[in-house]
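Work through the exercises below with the structure open. Try each task before reading its solution.

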Amino acid sequence: MRLRPDTLALTAVLALLTAVGPLAIDMYLPSLPTLTAALDATPAQGQLTLSAFLVGFAGGQVLYGPLSDSRGRKPVLLASLVLFTFGSALCAVAPTIETLIVARFLQALGGAGPVVLARSIVRDLYSGARAARELSNMATILGLIPAVAPLIGGVLESAFNWRATFVLLTLLLGGEMIIVALWLPETIRARAAGGFSFGSVLRSYGVLLRHRGFVSYLGLTAIAFGGLFAYISTSSFILQSIYGLSEIAYGAAFAIGVIGYIGGTLTAGPLVRKRGLDGAIGVGAAAVAFGGLLMLGLVLFGPRSPAAVVVPMMFYMFGVGLVMPQSMASALQPFPERAGAASSLVGFAQMTFGAIVGVGLGKTLGMETVGLFALPVAVSFFGVATLALFLGTARARAGAAR
């Protein structure tokens, strides 16, 4: 049996592949404070397990897309899944925080492949609004992962310990490897001429970076993700250590924000049909700006409550559910022959930017007053910056969103 285009089964498999990154990040978030203490590490060192993951995730994306353009999607995908599974197993047995940081880097280096290649497969099979709809459908399914992953991680932490999360990830990725090996067909139609080399990679990226519309959409995804990762990287410390939530309560609070993301992806389809890709991105940009400013206002002037962080983040994530899938589809649209490279470059920029944000905010953890206000300041800044970039790049995007 082969998975065929325009079927729910293929959409679900591609969504599960893109879920590799969120699973590896979100499932262990409730355990982040406890694993930090268990390994005799500082909060900043604990946060480095997130930033190291993003660095590995970004680095992997630079290579997987161009490599798959010349070698095919399926063999590269299988190799990346093997590396991710090995990294997850190493995380599960890490004796020190330094070992865990290295293991997270390896895990991410493998985890970058499924995300890049799932998007590339979408571009192999679909184009234009149809590709955007497929990415939004995948994002809707994917949106369930961040909703349930912290809850699962919280339960595993309470019932066992933080290592159980990485054991579960190892088993899940083994299952995904079997599905890909048996049922996912090769989708690339024409392999890149000249084979794979670092020179060809640099030439592909040069073509992409000279396209003003591509750079605009790349910027939108990276900046919107900056605010989202600011929340991901600090929320477990802030909501548990400052606001006093338990691991399971934190998982439930995180899921509330994810409801907004799912709402954004569900809204995307009708909105794209009515207003086009750029119209949907514009609504999303307005939503992230509103969510960020609302969080800043509530934390500064409202009562000290987790709701001051969680509720505004729901609006922000609603906007992310509109901005990121539509921007990704628009960025890939002009480059069918470089879909892998385009997907890689967008992902690299997004994850590198997120890692920088995470390291910067990690320095505020452990300082209660500073840590409390650093998050709303960051989220509001990136929300407003996303809207400003959208408004300021209308002419550059005009020829790309077709």
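The exercises cover a helix pair, aromatic rings and one loop residue. The model is predicted.

**Exercise 1. Helix packing**

Classify the mutual orientation of helices H11 and H12, and describe their contact.

Solution.
- Locate the helices: H11 spans residues 247-301 and H12 spans residues 307-332.
- Take the geometry of the axes. They come within 4 Å and cross at roughly 150°.
- Apply the cut-off. Angles over 145 degrees count as roughly antiparallel, so H11 and H12 are roughly antiparallel to each other.
- Add the hand: the crossing of H11 and H12 is left-handed.
- Sort the residues of the contact of H11 with H12. There are 32 nonpolar and 14 polar residues, and no charged ones.

**Exercise 2. Two aromatic pairs**

Classify the ring pair Trp162 and Phe166, then the pair Phe381 and Phe382, and say whether each residue is buried or exposed.

Solution.
- Start with the inputs. A pair of aromatic rings is described by the distance of the centres and the angle of the planes.
- Note the total: nine aromatic pairs are counted, with centres within 6.5 Å as the rule.
- Take Trp162 and Phe166. Their centres are 6.1 Å apart, with 85° between the planes. Planes over 60 degrees apart count as edge-to-face, so the pair Trp162 and Phe166 is edge-to-face.
- Check burial. The cut-off for buried is under 20% relative accessible area. Trp162 has 6%, so it is buried. Phe166 has 0%, so it is buried too.
- Take Phe381 and Phe382. The centres are 5.3 Å apart and the planes make 75°. This pair is also edge-to-face.
- Check accessibility here. Phe381 has 54%, and exposed means over 50%, so Phe381 is exposed. Phe382 has 9% and is therefore buried.

**Exercise 3. Around Tyr28**

Which residues do ring pairs link with Tyr28 into a cluster, and which residue lies over the face of Tyr28?

Solution.
- Follow the ring pairs: Tyr28, Trp162 and Phe166 form a cluster.
- Look at the face of the Tyr28 ring. Arg104 lies over it, at 4.2 Å from the ring centre.

**Exercise 4. A backbone angle**

What sign does phi of Asp40 have, and where is Asp40 found?

Solution.
- Recall the background: most residues other than glycine have a negative phi.
- Read the angle. Phi of Asp40 is near 55°, a positive value in a non-glycine residue.
- Place the residue. Asp40 sits in the loop between helix H3 (32-38) and helix H4 (43-71).
- Finish with accessibility. The relative accessible area of Asp40 is 72%, so Asp40 is exposed.

Key
Residues numbered from 1 in each chain as written. Predicted model: local features only at pLDDT ≥ 70, side-chain atom pairs only at ≥ 80, totals over all residues. Heavy atoms only, no water. Axes fitted to C-alpha atoms, helices over the stretch in contact; angles between N-to-C directions. Helix = DSSP H or I, 4+ residues; strand = E, 2+ residues; numbered from the N terminus. Parallel < 35°, antiparallel > 145°, perpendicular 65-115°, else oblique. Left-handed = near helix turned anticlockwise from the far one by under 90°. Nonpolar A, V, L, I, M, F, W, Y, C, P; charged D, E, K, R; others polar. Phe/Tyr/Trp six-rings, centres within 6.5 Å; stacked < 30°, edge-to-face > 60°. Buried < 20%, exposed > 50% of the residue type's maximum accessible area, 1.4 Å probe, protein only. Lys NZ or Arg CZ within 6 Å of the ring centre and 35° of its normal.
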